[in-house]
Amino acid sequence: MKKPIIEIQNLTKRFKNKTVFNNINLKVYSGEIFGLLGPNGSGKTTLIQALLGTIKPSKGTIKIFDKNLEKSLSWIHSKINSASAYSNLQKQLTIMENLLTFAGLYGIENPKQKINQLIKFFDLKNYVNQKTKVINLSSGENTRLLLCKALINDPKILFLDEPTASLDPNIARKVQNLILKVHKQRSLTIFYTSHNLAEIKRLCTRIAFLKKGKIIKIGPTTALKKLAKLY
Amino acid sequence: MKALNYPSYQRIKTLTKYYILTSMHNKSRLFIIILWPIIDLFIWGFTTLYLIRPESQSSFFLSLTLGSFILWNLTIKAQQEISCQLMEDVFSQNFNNLLITPLKKGEILISLIISSIVKLFLVFSFLLFFASLFYSFNILKFSFWLLPFFANLLIFGWSLGIVASGFILRFGLKMDFITWTLAFMIQPFSCVFYSRSILPYSFKIVSWLLPTSYIFEGMRKIILEQNLSLFHLYLSFSLNILYLICACLFFVFMFNWAKKSGNLAKI
């Protein structure tokens, strides 16, 4: 039987009196694009942050690469990466300065070569040549830059938290195409959250539908009919 | 249309109310409005009381004041450089990206401290240059003993910066006022420009607990009496080490608390 690359068991998170998600059980397998779908406030971002180790769950365990997340956090962090619509790189620095910082933190060898490959792939080369600061980038450029950062350490798992949330439909589609291309080239595992049903259907191989902190449906994208009614 | 050409009572009233509301909800602004002048009053009140004493009349007055000012600025900048750097990442929404790298808490603190040394070196050089240019101030009057004073003030500034960073991690940018004010809050008790003997008893108790007060007392002793109190130097160093350890533990505690409360993911 195939071993999961991410395994969540009985995961619960409470903030004071509010339960954000309750008793979540989930398995994600190597090479799939797993979509976590749900309306705003359903707990998607909290769940992805728990998987990234920046939120401590109230109960339950998370295993990534068959290792306990809490106990092997640094090691796991060296093998994963993320991009989110709710984060940015350091706005006062240029694209290159930012990416070199992250390359250093991940201990990348030949960082400039690696960065040049990424910025070429994500079509940011002109901005690097012009030494553009991050503060001057548009939302779409910023998203592509975050994806560059997210791939800098050749992660085995990529966590993407609503990466197209602030983009117009055209740019969002371009970003989705880039994600699909990256997935194909690198046979990455991607954990993708979104409230956009069409986007999730287009990108993901399997979907879990999260509502009010509970997973109410899970299965292959093709098997999940009438998802829109669940909203 | 005609009414739009004249000042409107309604618009002025609404905007005034808006400005007052914004100030009342902004703790740092409230602090600056209320507490800062009180702290200033203490500092300059005690300084004046100290200066009008006959024993304070000295030809070294300028050296004392400038030396104190430069060294105290080191403490403030050491504190602010640490917490401001963290705040810059929070403002940029980049801290979360740093957290998901293999970075460890200790590595964050060490990097913040080292980067602050580089920036403080610049601040210190500029201050010394202008003090020497305009006031013929010579820092070498403190001779070799400048180094332990300098080190002690830096360490204390770092401890304050680490504490302020802990607050920002746990409570976010609503605690940014701590960054701007923490060092100023302890300034009246640190005896920067005046001797501890001038303080009321309740203030003296607090000042005994602060390593900065021993440093400035020691600095005055060197300039006025050409006499170094090693006991004060050791005491300030011991207190500093204790506070630095406590500050690091506080940072770890706040970090873990922020992780539990979900704030670490939000900043």
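**Exercise 1.** In this predicted model, find the residue of S7(A) that Ile80(A) stands opposite, and state how S6(A) and S7(A) pair.

Solution.
1. Ile80(A) has Ile157(A) of S7(A) opposite.
2. The two strands, S6(A) and S7(A), run parallel to each other and are joined over five bridges.
3. Helix H6 (residues 139-151) of chain A lies across S6 and strand S7 (157-161) of chain A. Its direction makes an angle of about 170 degrees with S6(A).

**Exercise 2.** Decide how many residues of S6(A) are buried, and assign them to the sides of the strand.

Solution.
1. A residue counts as buried if 20 or more other C-beta atoms lie within 10 Å of its own.
2. By that criterion, five of the five residues of S6(A) are buried.
3. In a regular strand, side chains alternate between the two faces of the sheet.
4. For S6(A), one side carries Ile80(A), Ser82(A) and Ser84(A), and the other carries Asn81(A) and Ala83(A).
5. Both faces of S6(A) are therefore covered, as every one of these residues is buried.

**Exercise 3.** Place S6(A) in its sheet and explain why one side of the strand has no neighbour there.

Solution.
1. The sheet is open, has six strands and mixed pairing, and follows the order S6-S7-S8-S3-S9-S10 in chain A.
2. Strand S6 (80-84) and strand S10 (214-220) of chain A are at the edges. Each has a single partner strand, so one side of each lacks a neighbour in the sheet.
3. From one strand to the next, the twist averages 15 degrees.
4. Elsewhere in the order, strand S3 (residues 33-37) and strand S8 (residues 189-194) of chain A pair in the parallel sense, with five bridges. Leu36(A) stands opposite Thr193(A) in S8(A).

**Exercise 4.** Describe the side of chain A that touches chain B by its helices and residue classes.

Solution.
1. The contact involves 21 residues of chain A and 18 residues of chain B.
2. Helix H1 (44-52), helix H2 (73-79) and helix H3 (95-105) of chain A each contribute at least two residues to this side of chain A.
3. Sorted by class, the residues on this side of chain A are eight nonpolar, 10 polar and three charged.

**Exercise 5.** Summarise the fold composition and dimensions of chain B.

Solution.
1. Chain B contains 11 helices and zero strands.
2. Its C-alpha atoms fill a box of roughly 70 × 55 × 40 Å along the principal axes.
3. Of the 267 residues in chain B, 32% are buried.
4. Among contacts in chain B with a separation of 6 or more, 77% join residues 24 or more positions apart.

Technical notes. Residues are numbered from 1 along each chain as its sequence is written. Chains are lettered from A and ligands numbered from 1 in the order in which they are written. This is a predicted model: local features need pLDDT of at least 70, side-chain atom pairs count only at pLDDT 80 or more; totals for chains, interfaces and linings use all residues. Two residues are in contact if their C-beta atoms, placed from the backbone, lie within 7 Å. Helices (H or I, at least four residues) and strands (E, at least two) are DSSP runs, numbered from the N terminus. Ala, Val, Leu, Ile, Met, Phe, Trp, Tyr, Cys and Pro count as nonpolar, Asp, Glu, Lys and Arg as charged, and the others, Gly among them, as polar. Two strands pair if DSSP finds at least two bridges between them. Axes are lines fitted to C-alpha atoms, for helices over the stretch in contact, and angles run from 0 to 180 degrees between N-to-C directions. A residue is buried if 20 or more other C-beta atoms lie within 10 Å of its own, exposed if 12 or fewer, and partly exposed in between; C-beta atoms are placed from the backbone.
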